[in-house]
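The exercises below are to be worked through with the sequence and the coordinates side by side. Each task is followed by a solution that proceeds step by step.

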Amino acid sequence: MTPTPPAWPIPDPDVHAAVAAALASGSWGQYHGEHVCALEAELAAFHQVPHALTCASGTVAVEAALRALRVGRGDEVVMAAYDYESSFLTLHAICTRDLSPAKPGFTAAPSAKPVLIDVRADNWQLDETKLEAAITPQTKAVICSHLHGGIVNMPAVMEVARKHGVGVVEDAAQAPGATVFGKPAGTWGDVGTLSFGGSKLLTAGRGGALLFNDAATHQRAKTYLHRGLQQWAPLSELQAAALRPQLRKLREATAHRAARVGELLAQLPSALKPLAASLGAAFYKLGFQYDPTAFGLSREAFVKAMRAEGVAFDAGFKGLHVGRSPSRYRAAGDLTNAAAAHERCVTLHHPVLSGATSDVLQVAEAIAKVYRSQV
Ligand SMILES: *Cc1c(COP(=O)(O)O)cnc(C)c1O
């Protein structure tokens, strides 16, 4: 029998109890019960920010964040060429409701435009040293995503963004509970975003949230997400009820996963170089710079061999510039490292990191077995 990786979410009696209580109290069937409101307050407290807002998905959260920063058609938004595709596509989707005030010389363009910059060679996160050269008078915002256990240099990004009056969306969908240069992930940017999607570290199957330091930005996001009395892409009471106990345990769960990552990394061949170097990271995925030459296997063959051992490795994201019409973006500088990430990134899915030391040692053993069979 082929071994299978652990399933997610792991059954949690506290989530069970919270959902059962929401059923018993009737809040499961309400527009406005106690849970959404309480979760927003708890998210704000956890992240030490004054405002948090929930919504239907991380993708909606990114769009609401961009709208709150007044990104509209014709504006440029800088992002890494190696990033989550839906954020890129969201920029193309921003064209129908334009909240940005008309500028002198403003000509209607079909959408907001992604401007792609390279990632760093060492960790395949947005390269903060490439940001300034990508900024033009059309630039309205930057999207920074902490990916695969790596961390973007947010202090440096914020310094450039402030200097040029550009807004920052900090996508912490893959890093809830991480500490980024001493602050919670999602609190450096003008807006932080989270996802509660089915594979994520905090999950309700679907869902998302936004974090704000500034009241006016919070208000603009709220306005965008409301039609009259109701939010049009809300989180439900039942989802919020399931999330609250997970958030209470997030700090502990993050420390547990980080300890497992430490144990795993101590055992790995150098042909698998981890993207995570920083203390305080959170691990939705643990990303690696896979070296097919050193390993003696193509990336696809490696992923397949690991899956056959019951270990949940996957290929990373596609580079956003790869196979796409250059009319859909502007490349600011060369995208060499993003092309390498496109070809060579592999990720280990997080559920195994919630297990015991012996579970990650088995992962290390499976990697060693596949490696030995090649060299
Ligand atoms: C999962 C994810 C999102 C949002 O995903 P949804 O499924 O829309 O909640 C956004 N950014 C990154 C980097 C993600 O991994």
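**Exercise 1.** Does T254 count as buried or exposed, and what is its relative accessibility? Describe its surroundings as well.

*Solution.* The model is a predicted one, and every value used here is computed from it. Begin with the position in the fold: T254 is found in helix α9, which spans 250–265. Next, take the accessibility, which for T254 is 8%; the cut-off for a buried residue is under 20%, and T254 therefore counts as buried. Then look at the polar partner of the side chain, which reaches the backbone oxygen of L250 at 2.7 Å. Finally, once neighbours within four places in sequence are left aside, the residues in contact with T254 are P176, G177, A281 and A282.

**Exercise 2.** Into which domains is the protein chain divided, and how many residues of each are in contact with the other?

*Solution.* The division gives domain 1, covering 13–248, and domain 2, covering 250–372. The separation of the two can be expressed through their C-alpha centres, which lie 24 Å apart. For the contacts between them, 45 residues of domain 1 are in contact with 45 residues of domain 2.

**Exercise 3.** Where does the largest pocket lie with respect to domain 1 and domain 2, and what lines it?

*Solution.* Start with the space itself, which amounts to about 560 Å³ in the largest pocket. The lining is made up of 20 residues, of which W8, I10, D12, L201 and Q246 are the closest to the centre of the pocket. Sorted by class, the lining has eleven nonpolar, five polar and four charged residues. In terms of secondary structure, α8 (237–248) and α9 (250–265) each supply at least two lining residues, and the largest share, five residues, comes from α9. Because domain 1 and domain 2 both give residues to the lining, the largest pocket lies between them.

**Exercise 4.** Which residues does L201 touch, not counting residues up to four places away in sequence? Place L201 in the fold before answering.

*Solution.* L201 is located in the loop that runs between β8 (191–195) and β9 (208–212), and it is one of the residues closest to the centre of the largest pocket. Its relative accessibility of 5% means that L201 counts as buried. With residues up to four places away in sequence set aside, L201 touches W8, Q174, P176, Q246, R257, A282, F283, Y284 and H350. By comparison along the chain, Y224 is 23 residues apart from L201, and the C-alpha atoms of these two residues are separated by 27 Å.

**Exercise 5.** With which side chain does the side chain of T217 make a polar contact?

*Solution.* T217 has its place in helix α7, residues 215–225, and at 6% relative accessibility T217 counts as buried. The polar contact of its side chain is with the side chain of D214, at 2.5 Å. Residues that T217 touches, beyond those up to four places away in sequence, are A68, L69, D190, V191 and F212.

**Exercise 6.** How many cavities of 30 Å³ or more are there, and which residues line the largest cavity?

*Solution.* The count comes to one cavity of 30 Å³ or more, and the volume of the largest cavity is about 30 Å³. The residues that line the largest cavity are A80, Y82, D83, W124, Q125, L126, S145 and L147. By class they divide into five nonpolar, two polar and one charged.

Notes. Residues are numbered from 1 along each chain as its sequence is written. This is a predicted model: local features need pLDDT of at least 70, side-chain atom pairs count only at pLDDT 80 or more; totals for chains, interfaces and linings use all residues. Side-chain values use heavy atoms; hydrogens and water are left out. On a 1 Å grid over the protein atoms alone, a cavity is a set of points where a 1.4 Å probe fits but cannot get out, and a pocket is an open set with protein on both sides within 12 Å along at least five of seven lines; lining residues have an atom within 4 Å of a point. Grid points are joined across faces, edges and corners, and a volume is the space filled by probe spheres set on the points. Helices (H or I, at least four residues) and strands (E, at least two) are DSSP runs, numbered from the N terminus. Ala, Val, Leu, Ile, Met, Phe, Trp, Tyr, Cys and Pro count as nonpolar, Asp, Glu, Lys and Arg as charged, and the others, Gly among them, as polar. Domain bounds come from an automatic or database domain assignment. Buried means under 20% relative accessible area, exposed over 50%, partly exposed in between (1.4 Å probe, protein chains only). A polar contact is a pair of N or O atoms within 3.5 Å; within protein, one must be able to donate a hydrogen and the other to accept it, and residues adjacent in sequence count only if both atoms are side-chain atoms. Contact means heavy atoms within 4.5 Å.
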